[in-house]
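Colleague: I have a protein model open and I am new to this. Can we go through it step by step?

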Amino acid sequence: ETLNLETNRSLKQVKTGNEGGTELASEAQPIKLKLVRAEGDPLEVEVNPTDTVAQARLKIEEAHKIPNSAILLKLNGQMLFPIKRIQDYGMENGSEVELSVDQRMLEIAKENLEEEAKNAKRQQEALGEKINCKVYLSTGEKIAFKIYDEKTVKDFIKVIKDQEEIDDPFDLIVRGKVCEESTKLVQYDIKSDTPVIAKMKGEIHLQLKRAFSNQNTDVAIKPTKTV
């Protein structure tokens, strides 16, 4: 009987993770902290007791759109260290935490966002305009594409090969002319109604052309792909 009691006690310790039989903090329910500000109404954030202060700041950023790098948190006038956990400070549901914003870091965060927006715009401009085009394969299939006109012909051929699993080489033909692989698509002034023909090179194309020349069935357009 004594052995059974010790065994039961050991099992309980394994389940709870400590000798006292209390639950692990990781099993604790989320709590809500009251964020008190010098100006404005208090805010609220939901965290886990096992969250670090750094993780709590990220949740504040997500919930209230305050840059994480500018968030300062204090408890009873003492700064909270990013690497420490919420439970290390003895906080519980409804605990009040002082929230302030580092104005210098806030300005830096705004500048970084503006720079990211400018970079995104530059990248978009580098891609050029998105155009619609239809590619006709030697198999008789017709595929609708959306592609940026700053892409090269070589880029476009690779995309077609990868998507359609084509191993054999082919040229792209626009208005009866073979497109140079190093040339950007914008140079060929492709519009939504401009047919782009993927012509297989050599004998393979001739064989396919003969094979499909007698077919009168309509071919459905595949779903539009964005490149």
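What follows is a set of short questions and answers on this predicted model.

Colleague: How many helices and strands does the protein have?

Modeller: Both kinds of element are present in this predicted model. The strands come to eleven. The helices come to five.

Colleague: What share of the residues is buried?

Modeller: A residue is buried when its relative accessible area is under 20%. The protein has 227 residues. The buried share of them is 28%.

Colleague: How far apart are the end C-alpha atoms of helix H3, and what span is expected?

Modeller: H3 covers residues 103-127, which is 25 residues. At 1.5 Å a residue, the helix should span 36 Å. The distance between the end C-alpha atoms agrees, at 36 Å.

Colleague: Which residue caps the N-terminal end of H3?

Modeller: Look for a side-chain oxygen by the backbone nitrogen of Arg104. The two atoms lie 3.0 Å apart. The oxygen belongs to Asp102.

Colleague: Which residue follows H3, and what is its phi?

Modeller: The residue after the helix is Gly128. Its phi is positive. The value is near 85°.

Colleague: Which side chains of strand E3 are buried?

Modeller: E3 runs over residues 71-75, and its side chains alternate between two faces. Leu72 and Lys74 point to one face and are not buried. The other face holds the buried ones: Ile71, Leu73 and Leu75.

Colleague: What is the bridge partner of Leu73 in E5?

Modeller: E3 pairs with strand E5, residues 96-101, in the antiparallel sense. Four bridges join this pair. The partner of Leu73 is Leu99.

Colleague: Which residue in the turn between E3 and E4 has a positive phi?

Modeller: E3 and strand E4, residues 78-79, run antiparallel and are joined by two bridges. In that pairing, Leu75 stands opposite Gln78. The two strands form a hairpin with two residues between them. The turn residue with a positive phi, about 55°, is Asn76.

Colleague: Is Asp51 buried or exposed?

Modeller: Asp51 meets Lys59 in a salt bridge, at 2.6 Å from N to O. Lys59 is partly exposed, with a relative accessible area of 28%. Asp51 has 8%, which makes it buried.

Colleague: How many residues apart in sequence are the parts that Lys184 and Glu150 tie together?

Modeller: Their side chains meet in a salt bridge, 2.8 Å from N to O. Lys184 lies in the loop between strands E9 and E10, while Glu150 lies in the loop between strand E7 and helix H4. So the pair ties together parts whose separation in sequence is 34 residues.

Colleague: About how many helical turns separate Lys158 and Asp162?

Modeller: The side chains of Lys158 and Asp162 form a salt bridge, at 2.8 Å from N to O. The two residues are four apart in helix H4. That separates them by about one helical turn.

Colleague: How many salt bridges are there by this rule?

Modeller: Opposite charges on side chains can pair when the charged atoms come close. The rule asks for a Lys or Arg side-chain nitrogen within 4 Å of an Asp or Glu carboxyl oxygen. The count comes to four.

Colleague: What is the relative accessibility of Asp149?

Modeller: Asp149 is found in the loop between E7 and H4. Beyond its sequence neighbours, it touches several residues, including Leu127, Gly128 and Lys184. Asp149 counts as buried, and its relative accessibility is 10%.

How values were computed. Residues numbered from 1 in each chain as written. Predicted model: local features only at pLDDT ≥ 70, side-chain atom pairs only at ≥ 80, totals over all residues. Heavy atoms only, no water. Expected span 1.5 Å × (residues − 1). Polar contact = N/O pair within 3.5 Å; in protein donor to acceptor, adjacent residues only side chain to side chain. Buried < 20%, exposed > 50% of the residue type's maximum accessible area, 1.4 Å probe, protein only. Contact = heavy atoms within 4.5 Å. Pairing = 2+ DSSP bridges. Lists of a residue's contacts leave out its neighbours within four places in sequence.
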